[in-house]
Amino acid sequence: MEPLFYSMQEVVIAVKDLDKATDRLSEIFAAPADGLASEPLEGIELIQRGVWIGNERIAIVADSTGTGPLSQAIEKRGEGVHEICVRTRNLNEAIAHFKAKGVRLTRDEPYVLKNYEYRGEVFSEVRIVFIHPASCYGVLVEVQEWVK
């Protein structure tokens, strides 16, 4: 039987100045950075770039509105690790697993990104839920299911 959760997708760092942070992390790790991307989820307007260390990615995100939840989190806690992202083979099963374990989600219905391009591949959907930091030792965890 394959595990329900199978990979760490990325670590996400929240910053005020996206380009400055990306350039600095790219310099520190002598690693390539990717270009600007927009991540529009309902009520959350993010812009992001990433730094690649081998096959692993550090995502660097900023709030494109300056007033959304990410900006509020930076005001409250400062810049730094915002979340970790893990991938699952079956988001519905993962949600049922979380509920059985008493895990609090930020909302019960998944966010859905359509026709999402990532590293040259297009996925028909990326389905996402967030585990509330109160259930994960203060860390926001994004759980993703990628559908071809």
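Is F130 buried or exposed? F130 is buried, with a relative accessible area of 8%. Here buried means under 20% relative accessible area, exposed over 50% and partly exposed in between, with a 1.4 Å probe and protein chains only. The model is predicted: local features need pLDDT of at least 70, side-chain atom pairs count only at pLDDT 80 or more, and totals for chains, interfaces and linings use all residues. Residues are numbered from 1 along each chain as its sequence is written, and side-chain values use heavy atoms, with hydrogens and water left out.

F130 sits in strand 7. Strands (E, at least two residues) and helices (H or I, at least four) are DSSP runs numbered from the N terminus. The C-alpha atoms of F130 and V143 are 6.1 Å apart, although 13 residues separate the two along the chain.

F130 also leads to the largest pocket. Along with L46, H82, E83 and E142, F130 lies nearest the centre of that pocket. A pocket is an open set of points on a 1 Å grid over the protein atoms alone, where a 1.4 Å probe fits, with protein on both sides within 12 Å along at least five of seven lines; lining residues have an atom within 4 Å of a point. The volume is about 1,100 Å³, taken as the space filled by probe spheres set on the points, which are joined across faces, edges and corners. The lining has 49 residues. Of these, 26 are nonpolar, twelve polar and eleven charged. Helix 2 (residues 69–77) gives the most, with seven residues.

Strand 7 (121–131) also helps cover helix 3, as do strand 1 (5–14), strand 5 (80–88) and strand 8 (140–147). Helix 3 spans residues 91–100, and L91, A94, I95 and F98 are buried there. They share one side of helix 3 because they cover an arc of only 100 degrees around the axis, taken from the directions from the helix axis to the C-beta atoms. The face turned away carries exposed N92 and A100. At the N-terminal end, N90 caps the helix: a side-chain oxygen lies 3.1 Å from the backbone nitrogen of N92. Just after helix 3, G102 takes a positive phi of about 75 degrees.

Helix 1 (residues 18–29) holds S26. S26 is buried, at 18% relative accessible area. A polar atom of the S26 side chain lies 2.4 Å from the backbone oxygen of A31. Beyond neighbours within four places in sequence, S26 is in contact (heavy atoms within 4.5 Å) with A31, P32, A33 and V51.

Technical notes
Nonpolar A, V, L, I, M, F, W, Y, C, P; charged D, E, K, R; others polar. Polar contact = N/O pair within 3.5 Å; in protein donor to acceptor, adjacent residues only side chain to side chain.
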